[in-house]
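Dear colleague,

Please find below the structure that I am handing over to you. My notes on it follow directly after.

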There are 2 protein chains.
Amino acid sequence: MKKMNYSRQREAILESLHNRYDHPTAEVLYNDIRKEFPNISLGTVYRNLALLSDNGMILKLNCGDGVEHFDGNVEPHIHFICKDCGDVLDIKMDNFDFINTLASSAFDGEILGNFTYFYGFCKKCVDKRKNEC
Amino acid sequence: MKKMNYSRQREAILESLHNRYDHPTAEVLYNDIRKEFPNISLGTVYRNLALLSDNGMILKLNCGDGVEHFDGNVEPHIHFICKDCGDVLDIKMDNFDFINTLASSAFDGEILGNFTYFYGFCKKCVDKRKNEC
DNA sequence: ATTAATAACAGTAACTATTACTATTATTAT
DNA sequence: ATAATAATAGTAATAGTTACTGTTATTAAT
């Protein structure tokens, strides 16, 4: 692990990530952190997100929208993507890695794991739709 | 569905996709098709891939490497990504959408489905590693 | 078969997300 | 306090993708 000096910007990025629930993109974090550090540069945000995820302190997520999302919660958990608002939320469900065994027996190679995202409508958007009717 | 006139370029793209097993990117398809149509433009490849996937004739895959991959097989099936060579292969396994039910009971919203990718080493790369030892 | 309407094209420019570069500033160990 | 260097802001560069433009190909109607 490369030596890391303390930096206030990096601390703010990590803190912002820990205070959120929606697994933001670099751009979203950048706009959030600019309230506290108006001069922070987008490059700093990207560089620190890369450092933090390389060191296992945050997760980098590919949610299928072509943009990187970040997660301050490194405990194993599952992600849900809202088709309506695009938010990425956590699902605290039991581990289902037994599907790896199902896949192994149908595949001629070595299965190490899976990435799985659930999608649908989050509570917020389900309620919004109800109110529109 | 928007009106589509016949085009030789589009036919070649679809045919190339049907003849492959590795779920290529637009760039890879472009280089493949240039053997037959040396003047085809990358924009034409992208435009046709978008048209074909909008019309349900091919699949657009987000495999987590930040680049779009395409699949000429629209039958429901599962994908595997090789950590070594990057190839995206099919797994013909039983449907495991019962995990949606597991997720639903742990989530306060509406679960419609999941995307799942398995990863590991494909047969080709497992064999390559054996030979290196 | 000709023609008119327009879909598709090649080539290029523009755009978006991300990474790399550079001169300056901040942190840390001595 | 100082020296070494990590981190920064600001900017330039890159990669993947989409949009634009004038020309060509396809189609449907005469």
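The area buried between chain A and chain B of this predicted model is about 3000 Å², and carbon and sulfur atoms give 72% of that area. Buried area here is the accessible area (1.4 Å probe) that two parts lose on being put together, summed over both. On the side of chain A, the residues that lose the most area to chain B are A:Phe107, A:Phe115 and A:Tyr119, which together make up 21% of what that side buries.

In terms of contact (heavy atoms within 4.5 Å), 36 residues of chain A meet 36 residues of chain B. The rule finds 0 salt bridges across this interface, a salt bridge being a side-chain nitrogen of Lys or Arg within 4 Å of a carboxyl oxygen of Asp or Glu. There are, however, 11 residue pairs in polar contact between the two chains, both residues being at pLDDT 80 or more. A polar contact is a pair of N or O atoms within 3.5 Å; within protein, one must be able to donate a hydrogen and the other to accept it, and residues adjacent in sequence count only if both atoms are side-chain atoms.

β5(A) gives the most to the side of chain A that touches chain B, namely 14 residues. Helices (H or I, at least four residues) and strands (E, at least two) are DSSP runs, numbered from the N terminus. β5(A) also runs antiparallel to strand β5 (residues 109-122) of chain B, to which 13 bridges join it; strands pair if DSSP finds at least two bridges between them. Within this pairing, A:Asn114 has B:Phe118 as its bridge partner.

Turning to the DNA, 18 residues surround DNA strand D, and A:Ser7, A:Arg10, A:Thr44, A:Arg47 and B:Tyr46 come nearest. A residue is near the strand if one of its heavy atoms lies within 4 Å of it. Sugar and phosphate account for 82% of the atoms of DNA strand D that come within 4 Å of the protein. Phosphate oxygens of DNA strand D lie 2.3 Å from a side-chain N or O atom of A:Arg47, 2.7 Å from a polar side-chain atom of A:Ser7 and 2.9 Å from a polar backbone atom of A:Asn5.

On conventions, residues are numbered from 1 along each chain as its sequence is written, while chains are lettered from A and ligands numbered from 1 in the order in which they are written. Local features need pLDDT of at least 70, side-chain atom pairs count only at pLDDT 80 or more, totals for chains, interfaces and linings use all residues, and side-chain values use heavy atoms, with hydrogens and water left out.

Yours sincerely
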